[in-house]
Amino acid sequence: MISRTFSSWGSVVRARHAVYSLASRHDAFPRISPGSTVLPYGNGRSYGDSCLNPDGALLRTDALDHFIRFDSDTGVICCEAGVLLADILRLTVPRGWFLPVVPGTAHVTVGGAIANDVHGKNHHRVGSFGNHVRRFELLRSSAERWICSPDEHPEWFAATVGGLGLTGVITWAELQLRPVAGAWMQVETVRFANLDEFCRLCENADSVSEYTVAWIDCLSRGRRLGRGLLQQANHSTHSAPDVPAHDYRIGMPFVPPLSVVNRATLQLFNTLYYHRPRWRTRRHTHFQQFLFPLDRIAHWNRLYGPRGFYQYQCVVPGERAADATASLLQAIARSRQGSFLAVLKRFGAATSPGLLSFPQQGLTLALDFPNSGESLERLFGELDALVAQADGRLYPAKDGRMPGWLFRRGYPQWQEFARYIDPACSSSFWRRVTQEA
Amino acid sequence: MSGTLIIGATSAIAESTARLLAARHERLYLVARNPQRLKAVATDLAVRGAERVGHEVLDLNDLAAHEPMLERADGFLGGIARVLIAHGTLSDQKACERSIELTLRELHTNALSVVALLTPLANRLSSRGTGAIAVISSVAGDRGRASNYVYGSAKALVTAFLSGLRQRLRHHGVAVITIKPGLVDTPMTAAFTKGLLWARRERVAAGIVRAFDRRTPTVYLPAFWRPIMFVIRALPEAVFRRLSF
């Protein structure tokens with residue numbers, strides 16, 4: 001048996017895992033040694049421990065990278081679960097089709113996008129990734145293979161979308177793409193002075209733009225609390241010629257001994273970025289630049305040094321969302337922790353198909369934090385209390401530390417979901433949030 | 001439009017190479033042993049843009065089946081313009097040391113079946129006065145080492161055979177290309193711990209396409225293996241035999 005050290009994107013956890021691989025979508029589910037468990041593993045871009053299974057095994061799907069069908073008349077694509085979203089876009093954009101939902105990186109697998117029911121900057125228009133999955137095949141450790149769709153085995157569809165890989169392994173999936181004229185987008189950036197102004201801007205922006213997302217200066221306080229830049233974008237209707245897709249232009253070749261992200265660099269960056277000249281601008285931008293800006297920097301996660309980083313992404317629903325978000329931002333600004341990456345976005349009313357899907361109508365805030373140990377744990381405790389108070393929840397794909405009670409409170413269907421877990425599957429995340437008292 | 005015959009088409013390096021050719025809308029004929037995987041690869045390449053993809057299942061150790069396969073490939077492609085021979089197995093050296101039968105089988109798969117293909121291919125292409133034949137040999141063929149000399153000697157035979165063939169076909173318009181990959185991260189090498197010297201298969205594939213386009217006689221992939229292997233070949237035997245790697 002091969003064994004290797006795996007880490008997730010946040011690099012906080014590094015652990016040895018036994019490794020199994022599917023060489024083809026027709027392969028049988030591997031035999032796991034009795035008493036052990038396995039977790040499907042795609043491209044390892046989950047931030048915390050939801051893609052890890054220390055003391056157990058991982059089931060790699062990177063060899064499942066074949067396209068099966070693409071109909072350029074209807075925009076329906078069928079491919080194996082290990083295909084990266086970047087590969088799909090490379091194939092389909094020149095033929096006039098785009099993924100209806102993309103997360104902040106194109107380097108995730110189709111299987112991972114389903115298992116985390118990822119969302120994008122256009123959630124207010126189109127919902128989450130799972131809303132556009134027509135069907136997929138689920139391979140169970142019992143060797144059964146089920147085609148799951150909203151109509152066929154719908155209960156397994158609902159459990160597997162957002163199911164964190166725990167219901168078995170997805171071998172292939174069929175997705176509905178959306179038409180586009182080309183690779184270009186019309187992007188507008190607007191500065192806002194505080195959270196109230198953000199909410200006002202959003203009202204309008206969400207109705208005229210398919211994609212909206214805000215960068216927040218997480219250090220600003222008082223009347224400037226929640227100041228930032230709102231980016232809104234639509235796919236361009238002009239079919240300008242595509243430029244070759246960028247692979248990494250630059251990369252972080254090594255892990256620095258200390259996090260490059262610290263109070264001094266953060267203050268400097270945030271102030272300069274907020275005040276950058278020509279703040280109200282309309283630009284014609286390649287989709288890669290707008291949707292996947294960080295994909296241009298290979299291994300940017302290494303900037304956080306050997307201790308890695310956490311991302312805290314929560315959603316707070318309903319009426320009190322703005323107030324709760326203000327409290328969260330206050331707590332973060334007071335702590336003087338945080339990073340360049342602080343993102344605020346309004347989720348729309350679409351219902352996500354998964355039992356454990358993260359998005360719900362309200363405001364979602366996402367911030368990276370260098371792993372600074374105890375002081376960060378104190379801040380997280382404070383944020384957890386605020387999120388719980390506002391009936392919010394955290395995003396498992398980004399999480400490496402949420403307390404079990406917060407998960408169970410945020411995802412009341414977790415026990416119903418647990419019935420669908422494959423007896424051979426488990427993850428570090430799942431044990432953490434369900435086993436503690 | 002050029003047509004490429006790919007032998008061992010489900011091997012990781014061959015498949016990555018085929019994807020680059022498919023993106024250029026070329027015509028492909030694929031040969032491999034595992035029917036299910038071959039079909040998955042063929043379908044994938046068609047979706048990725050290949051003009052036409054033909055495929056057939058064949059165990060390359062069945063030498064008598066080579067000629068009819070070449071005939072079908074020629075027909076499908078409208079004349080074979082390029083060939084990539086990429087099939088092979090990474091021999092279990094320790095097991096070979098205990099079994100003559102296994103050793104000979106490995107030599108058959110990695111060397112003799114290649115030679116058996118090359119002769120009729122060379123004759124076909126040279127009679128038309130055009131084309132390119134690329135074969136995946138290995139840096140392991142540059143000098144036999146204790147850890148894998150069965151595999152290495154098979155590749156050495158292939159390298160020497162290609163060198164001679166290249167001279168022979170020089171005036172017949174046919175390029176003979178020896179591909180020498182170093183350590184490549186593929187399912188064949190899944191059991192190895194990967195370090196700095198390991199290359200991604202896509203990088204090797206891009207090098208193969210470049211070698212086809214430029215008709216380069218011998219390429220090391222990645223290129224840094226050329227100086228490394230120069231040194232390894234230059235070491236006196238008295239020194240070399242004391243080394244263990």
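**Notebook: salt bridges, interface and sheets**

I began with a long-range pair and found that the side chains of A:D49 and A:R432 meet in a salt bridge, with 2.8 Å from N to O. I then placed both partners: A:D49 sits in the loop between β3 and β4 (57–60) of chain A, whereas A:R432 belongs to helix α12 (residues 428–435) of chain A, so that the pair, 383 residues apart, links distant parts of the chain. I note here that what I am reading is a predicted model. When I extended the search to the whole structure, 40 salt bridges came out over all chains.

**Interface of chains A and B**

I next asked how many residues are in contact between chain A and chain B, and listed 14 residues on chain A and 13 residues on chain B. For the area buried between chain A and chain B I have about 1,100 Å², of which carbon and sulfur atoms give 56%. On the chain A side, I looked up which residues lose the most area to chain B, and these are A:H26, A:H66 and A:F67, which together make up 42% of what that side buries.

I also looked for charged pairs across this interface, and the rule finds one salt bridge between chain A and chain B. A:D65 forms a salt bridge with B:R19, and I recorded 3.0 Å between the closest N and O atoms. For polar contacts between chain A and chain B, my count is five residue pairs, both residues of each being at pLDDT 80 or more. Strand β5 (residues 67–71) of chain A supplies the largest share of the side of chain A that touches chain B, namely four residues. Sorting that side of chain A by class, I obtained six nonpolar, three polar and five charged residues.

**Sheet in chain A**

I traced an open sheet of four strands in chain A, with the order β1-β2-β4-β3 and mixed pairing. I marked β1 (2–7) and β3 (38–41) of chain A as the edge strands, since each pairs on one side only. Direction ignored, neighbouring strands of this sheet are turned by 45° against each other on average. Looking at one pairing in detail, I found that β1(A) and strand β2 (residues 14–21) of chain A run in the antiparallel sense over six bridges. Within this part of the sheet, A:T5 stands opposite A:R16 in β2(A).

**Sheet in chain B**

In chain B, I followed an open sheet of seven strands, ordered β3-β2-β1-β4-β5-β6-β9, and its pairing is parallel. The edge strands here are β3 (52–57) and β9 (218–221) of chain B, each of which pairs on one side only. From one strand to the next I noted a twist that averages 15°. Strand β2 (residues 27–32) of chain B pairs with β3(B) in the parallel sense over six bridges, and B:R27 stands opposite B:R52 in β3(B).

**Backbone entries**

I closed with two backbone checks, keeping in mind that most residues other than glycine have a negative phi, and most peptide bonds are trans. A cis peptide bond joins B:L221 and B:P222, with omega about -10°. I located B:P222 in the loop between β9 and α8 (225–234) of chain B. In chain A, I recorded a phi near 35° for A:D117, a positive value in a residue other than glycine. Where does A:D117 lie? I placed A:D117 in the loop between α2 (110–115) and α3 (123–126) of chain A.

Methods: Residues numbered from 1 in each chain as written. Chains lettered and ligands numbered in written order. Predicted model: local features only at pLDDT ≥ 70, side-chain atom pairs only at ≥ 80, totals over all residues. Heavy atoms only, no water. Contact = heavy atoms within 4.5 Å. Buried area = accessible area lost by both parts, 1.4 Å probe. Salt bridge = Lys/Arg side-chain N within 4 Å of Asp/Glu carboxyl O. Polar contact = N/O pair within 3.5 Å; in protein donor to acceptor, adjacent residues only side chain to side chain. Helix = DSSP H or I, 4+ residues; strand = E, 2+ residues; numbered from the N terminus. Nonpolar A, V, L, I, M, F, W, Y, C, P; charged D, E, K, R; others polar. Pairing = 2+ DSSP bridges. Axes fitted to C-alpha atoms, helices over the stretch in contact; angles between N-to-C directions.
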